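Thanks for making time for this. I would like to walk through one model with you, beginning at a single residue and then moving outwards to the parts around it.

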Amino acid sequence: MINASVVRFVYQKTGAQLYYIANDDIDRVFDLTFRTEAPDDTGTPHVFEHAILSGSEKYPSAQLYANLRNQTYNTFMNAFTYHRYTSYPVSSMSEAQLLKLADFYTDSCFHPMVMEDESIFRTEAWRYRLNDPDDPLSIEGTVYSEMLGKRSVERTRRTWGRIC
Ligand SMILES: [Zn+2]
């Protein structure tokens, strides 16, 4: 369908697979995908998806991902957590830009700062917070807030569907 040649490489030591897909499309894509089956419903793979993009050995900045996403010549840059795997795709019409962004994703995935800095995990994961002893406990965390927003949108869509 995309008029491409595909070469599959398998690293015998780990079983890691690399697919090289070549065609005439100048919008080039790089994607790292890992099997991340969730052990339970606490959202651990999603928390690590976020935490991994919060700085790495070579790129020790929590804000760099947002800057790269908004200020480079990429045509797409995001990360996704599905039920069984986590994916970090990026694309660009500039090969030089794509190689730099691929280097950022690769170092983020294989040398993330979250392994050394627990505060990154605490920021992304859901957690209880008590602002004042008389206040009720609240739940916070980047991923928790994101999931609340997603549920709100889904609830709005369901309601809208009933109206229509
Ligand atoms: Zn997320």
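Let us begin with T86, which in this predicted model is partly exposed, since 19 other C-beta atoms lie within 10 Å, whereas a residue is called buried here if that count is 20 or more. T86 has its place in strand β6, and, if we leave out residues up to four places away in sequence, T86 touches F34, T36, P45, E49, F80 and T81. For a sense of distance, please look also at G149, which is 63 residues from T86 along the chain, with 20 Å between the two C-alpha atoms.

From strand β6 we can move to helix α3, because β6 (85-92) is among the elements that cover the buried residues of that helix, together with β3 (28-35), α1, α2 (64-71) and β4 (74-77). Helix α3 runs over residues 95-110, which makes 16 residues, and from its first C-alpha to its last it reaches 22 Å, close to the 22 Å expected at 1.5 Å a residue.

Which residues of α3 are buried? They are L98, L101, F104, Y105 and S108, and because they cover an arc of only 120° around the axis, they sit on the same side of α3. On the face turned away from that buried side, the helix carries the exposed residues E95, A96 and F110.

Two of the residues just named, L101 and Y105, come back when we turn to the largest nonpolar core, which has 18 residues, and in which V47, A51, I52, L68, V90, L101 and Y105 are those with the most contacts. The elements giving two or more residues to this core are α1, α2, β6 and α3. If we follow A51 a little further, and set aside its neighbours within four places in sequence, we find A51 in contact with P112, V114, I120, F121 and E124.

Finally, let us step back to the whole chain, which is divided into domain 1, covering 5-124, and domain 2, covering 127-157. Taken over C-alpha atoms, the centres of these two domains are separated by 26 Å, and the contact between them takes seven residues from domain 1 and four residues from domain 2. On the side of domain 1 that touches domain 2, the elements giving two or more residues are α1 (44-52) and α4 (118-124), and the residues of that side divide into one nonpolar, four polar and two charged.

Conventions:
Residues are numbered from 1 along each chain as its sequence is written. This is a predicted model: local features need pLDDT of at least 70, side-chain atom pairs count only at pLDDT 80 or more; totals for chains, interfaces and linings use all residues. Domain bounds come from an automatic or database domain assignment. Two residues are in contact if their C-beta atoms, placed from the backbone, lie within 7 Å. Helices (H or I, at least four residues) and strands (E, at least two) are DSSP runs, numbered from the N terminus. Ala, Val, Leu, Ile, Met, Phe, Trp, Tyr, Cys and Pro count as nonpolar, Asp, Glu, Lys and Arg as charged, and the others, Gly among them, as polar. The expected span of a helix is 1.5 Å times one less than its number of residues. A residue is buried if 20 or more other C-beta atoms lie within 10 Å of its own, exposed if 12 or fewer, and partly exposed in between; C-beta atoms are placed from the backbone. The arc is that of the directions from the helix axis to the C-beta atoms. A nonpolar core is a set of buried Ala, Val, Leu, Ile, Met, Phe, Trp, Tyr and Cys residues joined through C-beta atoms within 7 Å.
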